[in-house]
Amino acid sequence: MKFNPGTADQPDTGYRSRYSHTTENARAGYYEVVLDDYQVKARLTATERVGVHQYTYPAGELQKIILGLTHGIYNYDGKVLWASLRVENDTLITGYRITNGWARENYTYFAISLSKPITRYGYVDKRNLYIPVSGVNLI
(Lines give C-alpha, C1' and ligand atoms only; values in the text may rest on other atoms or scores of the structure.)
Protein backbone atom coordinates (compact mmCIF):
# COMPACT_ATOMS: atom_id res chain seq x y z
CA MET A 1 0.00 0.00 0.00
CA LYS A 2 1.34 3.43 -0.95
CA PHE A 3 1.25 6.07 1.81
CA ASN A 4 2.55 9.06 -0.13
CA PRO A 5 0.46 10.92 -2.70
CA GLY A 6 3.13 11.06 -5.41
CA THR A 7 3.15 13.98 -7.80
CA ALA A 8 0.75 15.20 -10.45
CA ASP A 9 3.47 14.58 -13.08
CA GLN A 10 4.24 11.08 -11.79
CA PRO A 11 1.14 9.67 -10.07
CA ASP A 12 2.59 6.14 -10.07
CA THR A 13 5.07 7.22 -7.38
CA GLY A 14 2.18 7.38 -4.90
CA TYR A 15 -1.52 6.71 -4.43
CA ARG A 16 -2.75 9.49 -6.77
CA SER A 17 -4.93 8.47 -9.67
CA ARG A 18 -5.26 9.75 -13.17
CA TYR A 19 -8.69 10.89 -14.35
CA SER A 20 -10.24 12.13 -17.55
CA HIS A 21 -12.39 15.20 -17.99
CA THR A 22 -14.68 13.00 -20.12
CA THR A 23 -15.81 11.15 -16.97
CA GLU A 24 -16.41 14.36 -15.00
CA ASN A 25 -19.90 15.59 -14.21
CA ALA A 26 -19.86 18.96 -12.48
CA ARG A 27 -22.63 21.38 -11.55
CA ALA A 28 -23.40 23.66 -8.63
CA GLY A 29 -23.21 21.56 -5.45
CA TYR A 30 -22.22 18.31 -7.20
CA TYR A 31 -19.09 16.73 -8.67
CA GLU A 32 -18.45 13.23 -10.01
CA VAL A 33 -15.44 11.59 -11.67
CA VAL A 34 -13.96 8.13 -12.25
CA LEU A 35 -10.45 7.61 -10.83
CA ASP A 36 -8.88 5.81 -13.79
CA ASP A 37 -6.06 4.00 -11.99
CA TYR A 38 -8.45 2.32 -9.54
CA GLN A 39 -11.75 2.49 -11.47
CA VAL A 40 -13.36 4.07 -8.42
CA LYS A 41 -16.25 6.44 -9.02
CA ALA A 42 -16.13 9.46 -6.69
CA ARG A 43 -19.24 11.55 -6.06
CA LEU A 44 -19.16 14.73 -3.96
CA THR A 45 -21.96 17.05 -2.96
CA ALA A 46 -22.39 19.79 -0.40
CA THR A 47 -24.85 21.92 1.46
CA GLU A 48 -24.11 25.09 3.38
CA ARG A 49 -22.58 23.18 6.30
CA VAL A 50 -22.16 19.56 5.19
CA GLY A 51 -20.06 17.79 2.56
CA VAL A 52 -20.97 14.27 1.45
CA HIS A 53 -18.67 11.85 -0.39
CA GLN A 54 -19.66 8.54 -1.99
CA TYR A 55 -17.13 6.17 -3.51
CA THR A 56 -18.11 3.16 -5.61
CA TYR A 57 -15.47 0.47 -6.09
CA PRO A 58 -15.35 -2.14 -8.88
CA ALA A 59 -17.02 -5.42 -7.95
CA GLY A 60 -14.65 -8.11 -6.70
CA GLU A 61 -11.74 -5.73 -6.02
CA LEU A 62 -10.11 -5.33 -2.60
CA GLN A 63 -11.42 -1.99 -1.33
CA LYS A 64 -9.01 0.32 0.48
CA ILE A 65 -9.11 3.87 1.72
CA ILE A 66 -6.45 6.12 3.20
CA LEU A 67 -7.58 8.89 5.52
CA GLY A 68 -4.85 11.54 5.42
CA LEU A 69 -5.84 13.99 8.12
CA THR A 70 -2.99 16.40 7.45
CA HIS A 71 -3.56 16.79 3.72
CA GLY A 72 -5.57 19.58 2.19
CA ILE A 73 -5.53 22.09 -0.62
CA TYR A 74 -3.00 24.29 1.16
CA ASN A 75 -0.44 22.42 3.24
CA TYR A 76 2.11 24.16 5.41
CA ASP A 77 3.84 23.48 8.71
CA GLY A 78 1.56 24.17 11.65
CA LYS A 79 -1.71 24.10 9.69
CA VAL A 80 -3.11 21.04 11.47
CA LEU A 81 -3.15 21.68 15.20
CA TRP A 82 -4.81 18.41 16.19
CA ALA A 83 -6.48 15.46 14.50
CA SER A 84 -8.41 12.55 15.94
CA LEU A 85 -9.84 9.41 14.40
CA ARG A 86 -11.88 6.65 16.04
CA VAL A 87 -13.11 3.32 14.64
CA GLU A 88 -16.48 3.13 16.40
CA ASN A 89 -17.46 -0.27 15.05
CA ASP A 90 -16.92 -2.34 11.89
CA THR A 91 -18.86 0.12 9.67
CA LEU A 92 -18.46 3.53 11.36
CA ILE A 93 -15.43 5.83 11.64
CA THR A 94 -15.64 9.24 13.32
CA GLY A 95 -13.17 12.02 13.91
CA TYR A 96 -12.21 15.65 13.65
CA ARG A 97 -9.33 17.93 12.88
CA ILE A 98 -8.47 21.40 14.09
CA THR A 99 -6.61 23.66 11.67
CA ASN A 100 -5.26 27.18 11.49
CA GLY A 101 -5.57 29.09 8.26
CA TRP A 102 -8.41 31.13 6.80
CA ALA A 103 -10.16 30.71 10.16
CA ARG A 104 -8.31 30.52 13.45
CA GLU A 105 -8.88 27.13 15.08
CA ASN A 106 -11.30 25.79 12.51
CA TYR A 107 -12.95 22.53 13.70
CA THR A 108 -14.01 19.98 11.10
CA TYR A 109 -15.95 16.91 12.27
CA PHE A 110 -16.71 13.84 10.20
CA ALA A 111 -18.47 10.49 10.29
CA ILE A 112 -17.81 7.81 7.69
CA SER A 113 -20.42 5.12 7.17
CA LEU A 114 -19.21 2.03 5.32
CA SER A 115 -21.40 -0.35 3.33
CA LYS A 116 -19.14 -3.30 4.16
CA PRO A 117 -17.42 -4.13 7.45
CA ILE A 118 -13.81 -3.17 8.04
CA THR A 119 -11.69 -6.31 7.94
CA ARG A 120 -8.33 -4.69 8.77
CA TYR A 121 -7.04 -1.27 9.69
CA GLY A 122 -3.87 0.32 10.94
CA TYR A 123 -2.09 3.55 11.65
CA VAL A 124 1.10 5.05 10.24
CA ASP A 125 2.50 8.28 11.68
CA LYS A 126 5.02 10.11 9.49
CA ARG A 127 4.10 13.47 10.99
CA ASN A 128 1.08 12.87 8.80
CA LEU A 129 -1.83 10.88 10.14
CA TYR A 130 -2.84 8.01 7.86
CA ILE A 131 -5.29 5.29 8.61
CA PRO A 132 -5.31 2.63 5.89
CA VAL A 133 -8.57 0.71 5.92
CA SER A 134 -9.17 -2.31 3.71
CA GLY A 135 -12.13 -4.44 2.76
CA VAL A 136 -14.63 -1.59 2.81
CA ASN A 137 -16.75 0.49 0.46
CA LEU A 138 -17.00 4.10 1.57
CA ILE A 139 -20.42 5.68 1.03
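Lys79 sits in the loop that runs between β5 (64-68) and β6 (80-89). Despite being a lysine in a loop, Lys79 counts as buried, since its relative accessibility is 14% and the cut-off for burial is under 20%. Setting aside neighbours within four places in sequence, the residues in contact with Lys79 are Tyr74, Arg97, Ile98, Thr99 and Asn100. Some of these partners turn up again around Asn106, a residue of strand β8. With neighbours within four places again left out, Asn106 is in contact with Arg97, Ile98 and Thr99. Asn106 can also be placed relative to Val80: the two are 26 residues apart in sequence, and their C-alpha atoms are 9.5 Å apart in space.

All of this rests on a predicted model, so a word on confidence is in order. Mean pLDDT for the protein chain is 85, with 88% of the residues at 70 or more. Confidence peaks in strand β2 (residues 30-35), where the mean is 97, and bottoms out in strand β11 (residues 129-134), where the mean is 49. The details of β11 are best read with that mean of 49 in mind.

As for the overall make-up, the protein chain has eleven strands and zero helices. Read from the N terminus, the elements therefore go β-β-β-β-β-β-β-β-β-β-β. Of the chain's 139 residues, 28% count as buried. Its accessible surface comes to about 9500 Å², and carbon and sulfur atoms hold 52% of that. Among contacts with a separation of 6 or more, 33% link residues 24 or more positions apart.

Four of the strands make up an open sheet, in the order β1-β2-β3-β4, with antiparallel pairing. At the edges are β1 (25-27) and β4 (51-56), each of which pairs on one side only. From one strand to the next, the twist averages 15°. Within this sheet, six bridges join strand β3 (residues 40-46) to β4 in the antiparallel sense. One pair of facing residues here is Ala42 and Tyr55, the latter in β4. As a general point, side chains in a regular strand alternate between the two faces of the sheet.

Further along the chain, strand β7 (residues 92-99) and strand β8 (residues 106-113) run antiparallel and are joined by eight bridges. Gly95 stands opposite Phe110, which belongs to β8. These two strands form a hairpin with six residues between them, and in this hairpin Glu105 takes a positive phi near 50°. This is also the hairpin that supplies the setting for Asn106, itself in β8.

Turning to charges, side chains of opposite charge can pair when their charged atoms come close. Searching the whole structure turns up six salt bridges. In one of them, Arg18 pairs with Asp37, and the closest N and O atoms are 2.9 Å apart. This salt bridge ties together distant parts of the chain, with Arg18 in the segment before β1 and Asp37 in the loop between β2 and β3, 19 residues apart. Both ends are partly exposed: Arg18 has a relative accessibility of 37%, and Asp37 has a relative accessible area of 34%.

Another salt bridge joins Glu32 to Lys41, where the closest N and O atoms are 3.8 Å apart. Here the two ends fall in separate classes of burial. Glu32 counts as buried because its relative accessibility is 14%, whereas Lys41 counts as partly exposed at 27%. Arg49 and Glu48 form a further salt bridge, with 3.9 Å between the closest N and O atoms. Both of these residues are out on the surface by the accessibility criterion: Arg49 is exposed with a relative accessible area of 74%, and Glu48 counts as exposed at 72% relative accessibility. Finally, Asp12, Arg18 and Asp37 are joined into one network by salt bridges that share partners.

Note on methods: Residues are numbered from 1 along each chain as its sequence is written. This is a predicted model: local features need pLDDT of at least 70, side-chain atom pairs count only at pLDDT 80 or more; totals for chains, interfaces and linings use all residues. Side-chain values use heavy atoms; hydrogens and water are left out. pLDDT is the predictor's confidence in each residue, from 0 to 100. Two strands pair if DSSP finds at least two bridges between them. Axes are lines fitted to C-alpha atoms, for helices over the stretch in contact, and angles run from 0 to 180 degrees between N-to-C directions. Buried means under 20% relative accessible area, exposed over 50%, partly exposed in between (1.4 Å probe, protein chains only). Contact means heavy atoms within 4.5 Å. Accessible areas come from the Shrake-Rupley method with a 1.4 Å probe; for residues, only the protein chains shown count as cover. A salt bridge is a side-chain nitrogen of Lys or Arg within 4 Å of a carboxyl oxygen of Asp or Glu.
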